[in-house]
Amino acid sequence: MTMFVTFEGQDWSGKSTQAALLVEHLRARGRDVVETREPGGTPIGEAIRSLGVGQGAMVAAIVVVVSLINLFVSSASAKWAFLAPILVPMLGTAGMPADLVQCAYRVGDSCTNPIAPLNSYLAVILIAMQRWKPDAGVGTLLSLLVPYSVLAVVAWGGFLVLWNAIGIP
């Protein structure tokens with residue numbers, strides 16, 4: 001008789017532990033067992049899982065990395081075009097859903113847009129600023145915008161980590 005058994009549940013809820021106990025139990029009784037884990041059965045996925053960091057730390061890392069990349073690549077679609085084929089499968093094999101990866105990307109991308117040097121609106125903002133402060137330059141503008149961008153990354157990144165930790169889809 002052939003059986004197919006799956007364990008479903010939230011991340012870090014003990015599915016792997018229960019599966020290992022069942023495999024041990026079945027093998028002790030002479031059953032042939034094929035054990036798999038999806039997602040995460042790849043060497044990269046297992047390496048990420050072995051780091052022992054939860055999804056919250058991975059989400060925070062994505063937000064920070066994308067925020068820094070945003071300073072050098074201005075186009076959101078270009079950044080997603082080269083990051084998505086890397087981040088989504090790699091973190092998917094570690095058990096992180098693709099929608100959460102994209103949401104973390106969007107938070108990191110949007111928060112640093114005002115201070116990105118390649119932002120086409122930076123000149124427009126500077127011209128509007130010079131209406132009230134004629135001697136203002138790019139340095140003045142960035143010195144005013146950087147604290148708000150950092151605050152936005154911390155606040156929205158923290159909100160996303162909290163949202164995910166609570167389990168809201």
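# Reading a predicted helical chain

User: What is the relative accessible area of Phe82, and how is Phe82 classed?

Analyst: Phe82 has a relative accessible area of 38% and is therefore classed as partly exposed, the class between buried, under 20%, and exposed, over 50%. Please keep in mind that this is a predicted model.

User: Where does Phe82 sit, and which residues does Phe82 touch?

Analyst: Phe82 belongs to helix α4. With residues up to four places away in sequence set aside, Phe82 touches Ile69 and Val73. A distance in space may also be set beside a distance in sequence: Phe82 and Asp135 are 53 residues apart along the chain, and their C-alpha atoms are separated by 39 Å.

User: How many helices and strands does the protein chain have?

Analyst: The count is seven helices and zero strands. Read from the N terminus, the order of elements is α-α-α-α-α-α-α. The radius of gyration is 22 Å, well over the 15 Å given by the globule rule for 169 residues, so the protein chain is more spread out than a compact globule.

User: What box do the C-alpha atoms fill?

Analyst: Along the principal axes, the C-alpha atoms of the protein chain fill a box of roughly 85 × 30 × 25 Å.

User: How should burial and contacts be read for the chain as a whole?

Analyst: Of the 169 residues, 28% count as buried. The accessible surface comes to about 11,000 Å², and 67% of that surface belongs to carbon and sulfur atoms. Among contacts with a separation of 6 or more, 63% are between residues 24 or more positions apart.

User: How many positive and negative side chains are there, and how far apart do the centres of the two sets lie?

Analyst: The protein chain has 10 positive and 10 negative side chains, with the centres of the two sets 5 Å apart.

User: How is the span of a helix judged, taking α1 as the case?

Analyst: The expected span follows from 1.5 Å a residue; for the 14 residues of α1 (residues 15-28) this gives 20 Å, and the end C-alpha atoms are 20 Å apart, which agrees. Just after α1, Gly30 has a positive phi of about 85°. Helix α5 (residues 98-111) also has 14 residues, and its reach of 20 Å from first C-alpha to last is close to the 20 Å expected.

User: Which residues of α5 are buried, and against which helices do they pack?

Analyst: The general idea comes first. An α-helix has 3.6 residues a turn, so residues three or four places apart point the same way. In α5, the buried residues are Leu100, Val101, Ala104, Tyr105, Val107, Gly108, Asp109 and Cys111. These buried residues pack against α3 (55-69), α4 (76-92) and α7 (138-166).

User: Which residues does Val66 touch?

Analyst: Val66 is found in helix α3. Apart from residues up to four places away in sequence, Val66 touches Leu83, Tyr105, Gly108 and Asp109. Val66 counts as buried because its relative accessibility of 1% falls under the 20% cut-off. Trp80 lies 14 residues from Val66 along the chain, with 9.5 Å between their C-alpha atoms.

User: Is Ala155 buried or partly exposed?

Analyst: Ala155 is partly exposed, with a relative accessible area of 42%. The residue is placed in helix α7. Ala155 and Val107 are 48 residues apart in sequence, yet 9.9 Å apart in space from C-alpha to C-alpha.

User: Where does Asn113 lie, and which residues is Asn113 in contact with?

Analyst: Asn113 lies in the loop between α5 and α6 (122-130). Its relative accessibility of 28% makes Asn113 partly exposed. Leaving aside neighbours within four places in sequence, Asn113 is in contact with Asn70 and Asn119. The C-alpha atoms of Asn113 and Ser75 are separated by 9.8 Å, with their positions 38 residues apart along the chain taken as sequence separation.

Terms used:
Residues numbered from 1 in each chain as written. Predicted model: local features only at pLDDT ≥ 70, side-chain atom pairs only at ≥ 80, totals over all residues. Heavy atoms only, no water. Helix = DSSP H or I, 4+ residues; strand = E, 2+ residues; numbered from the N terminus. Rg over C-alpha atoms; globule rule 2.2 N^0.38 Å. Buried < 20%, exposed > 50% of the residue type's maximum accessible area, 1.4 Å probe, protein only. Contact = heavy atoms within 4.5 Å. Areas by Shrake-Rupley, 256 points an atom, 1.4 Å probe, with all protein chains shown as cover. Lys, Arg positive; Asp, Glu negative; His and termini not counted. Charge placed at Lys NZ, Arg CZ, Asp CG, Glu CD. Expected span 1.5 Å × (residues − 1).
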